Amino acid sequence: MRGGDHIPIQHEPHPRDKPIKRHHTARYYVQRVQDSLTTRVSKLVCSIFLSLLAILGLITFILWLSLRPHRPRFYIHEFSIPGLGQESGFENAQITFNVTARNSNHNIGVYYEAMDGSVYYKDQKIGSTPLLYPFFQEPKNTTVVDGVLSGATLTVSSQRWTEFQSDRSKGSVVFRLELTSVIKFKISTWDSKRHRMHANCAVGVGQDGMILEIYKDKRCPVYFS
């Protein structure tokens, strides 16, 4: 028999002692397997979806780069006012011009419903005339636009002609030629919506009434309204 003065000693587990194994039920392991399979399937589905989305986005981007419509490009080549040096030339005044319209698209055609030309001096219209009837412009094609304003299509008073003479004495007379049309882009059997197009060509003529070199073959800004 142990005495009352005996000191109890607590047993410390040795590090090498094996841990107590806890056994789980079969349902637990089945659930673990199901969760693992569900996670793997979810990751696979997500990977396939993201891959298809990336491929579709790449194809869309390539098609957009290759098929996106470019605006027609207009260049002013000739512009003249014969008889500008005559003081009374306004009575038989005439303006002639030559412009080219370029469709730079590779696979897209441009349909023009019609085309009109107007000439402005100091933002005041001094003449207007129809230029082309409806036509279709093939891809990578250039159309020549010629115009003549005279008589009823050109309204130049003696006062306006005097202003021309004043600018001419300073070296040049500056005008603005505006070409307007309603256009549609055409890809195979698909047509785009209609756009109101404006091409503005700033042009100046010298003392002889002929276009100055700094304006010749100049590209005209194009915008839609």
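**A disulfide, salt bridges and aromatic pairs around strand β3**

Cys-220 is buried, with a relative accessible area of 3%. In this predicted model, Cys-220 is joined to Cys-201 by a disulfide, with an S to S distance of 2.0 Å. The two cysteines come from neighbouring entries in the strand numbering: Cys-201 belongs to strand β9 and Cys-220 to strand β10, so the pair ties together parts that are 19 residues apart in sequence. A disulfide is a covalent bond between the sulfur atoms of two cysteines. The torsion about the S-S bond of Cys-201 and Cys-220 is about 110°, so this disulfide is right-handed. Cys-201 is buried as well, because its relative accessible area of 1% falls under the 20% limit for buried residues. A search of the whole structure finds 1 disulfide. Another cysteine, Cys-46, is partly exposed, with a relative accessible area of 46%.

The charged side chains come next. The structure holds 5 salt bridges, among them one between Glu-78 and Lys-216, with an N to O distance of 3.4 Å. Glu-78 lies in strand β1, which covers residues 73-80, whereas Lys-216 lies in the loop between β9 (195-205) and β10 (218-220), so this contact ties together parts that are 138 residues apart in sequence. Both partners are partly exposed: the relative accessible area is 33% for Glu-78 and 29% for Lys-216.

Glu-113 and Arg-194 form another of the salt bridges, and their closest N and O atoms are 2.8 Å apart. Here Glu-113 comes from strand β3 (residues 109-121) and Arg-194 from the loop between β8 (190-191) and β9, so the pair ties together parts that are 81 residues apart in sequence. Glu-113 is partly exposed, at a relative accessible area of 25%. Arg-194, in turn, is exposed, because its value of 52% is over the 50% limit. A further salt bridge brings together the side chains of Lys-186 and Asp-191, at 3.3 Å from N to O. Asp-191 is partly exposed, with a relative accessible area of 37%, and Lys-186 is partly exposed too, at 29%.

Strand β3, the home of Glu-113, also takes part in several strand pairings. β3 and β7 run antiparallel and are joined by 10 bridges; within this pairing, Tyr-111 stands opposite Lys-184 in β7. With strand β4 (residues 124-132), β3 shares 7 bridges, again in the antiparallel sense, and Met-115 stands opposite Leu-132 in β4. The hairpin of β3 and β4 has 2 residues between the strands, and Lys-122 takes a positive phi near 55° there. The pairing of β3 with strand β5 (residues 135-137) is also antiparallel and rests on 3 bridges, with Tyr-112 standing opposite Phe-135 in β5. In a regular strand the side chains alternate between the two faces of the sheet.

The aromatic side chains link back to these strands. A pair of aromatic rings is described by the distance of the centres and the angle of the planes. The structure holds 6 aromatic pairs. In one of them, the rings of Tyr-121 and Phe-175 have their centres 5.6 Å apart and their planes at 45°, so the pair is tilted. An angle of 45° fits this class because stacked planes are under 30 degrees apart and edge-to-face planes over 60. Tyr-121 lies in strand β3 and Phe-175 in strand β7 (residues 173-187), so their contact ties together parts that are 54 residues apart in sequence. β3 and β7 are thus linked by a ring pair as well as by 10 bridges. Both Tyr-121 and Phe-175 are buried. They also belong to one aromatic cluster, which is formed by Phe-79, Tyr-121, Trp-161, Phe-164 and Phe-175.

A contact between a charge and a ring rounds off the picture. The charged end of Arg-176 sits over the ring of Tyr-120, at 4.2 Å from the ring centre.

Technical notes:
Residues numbered from 1 in each chain as written. Predicted model: local features only at pLDDT ≥ 70, side-chain atom pairs only at ≥ 80, totals over all residues. Heavy atoms only, no water. Salt bridge = Lys/Arg side-chain N within 4 Å of Asp/Glu carboxyl O. Helix = DSSP H or I, 4+ residues; strand = E, 2+ residues; numbered from the N terminus. Buried < 20%, exposed > 50% of the residue type's maximum accessible area, 1.4 Å probe, protein only. Disulfide = S-S within 2.5 Å. Phe/Tyr/Trp six-rings, centres within 6.5 Å; stacked < 30°, edge-to-face > 60°. Lys NZ or Arg CZ within 6 Å of the ring centre and 35° of its normal. Pairing = 2+ DSSP bridges.
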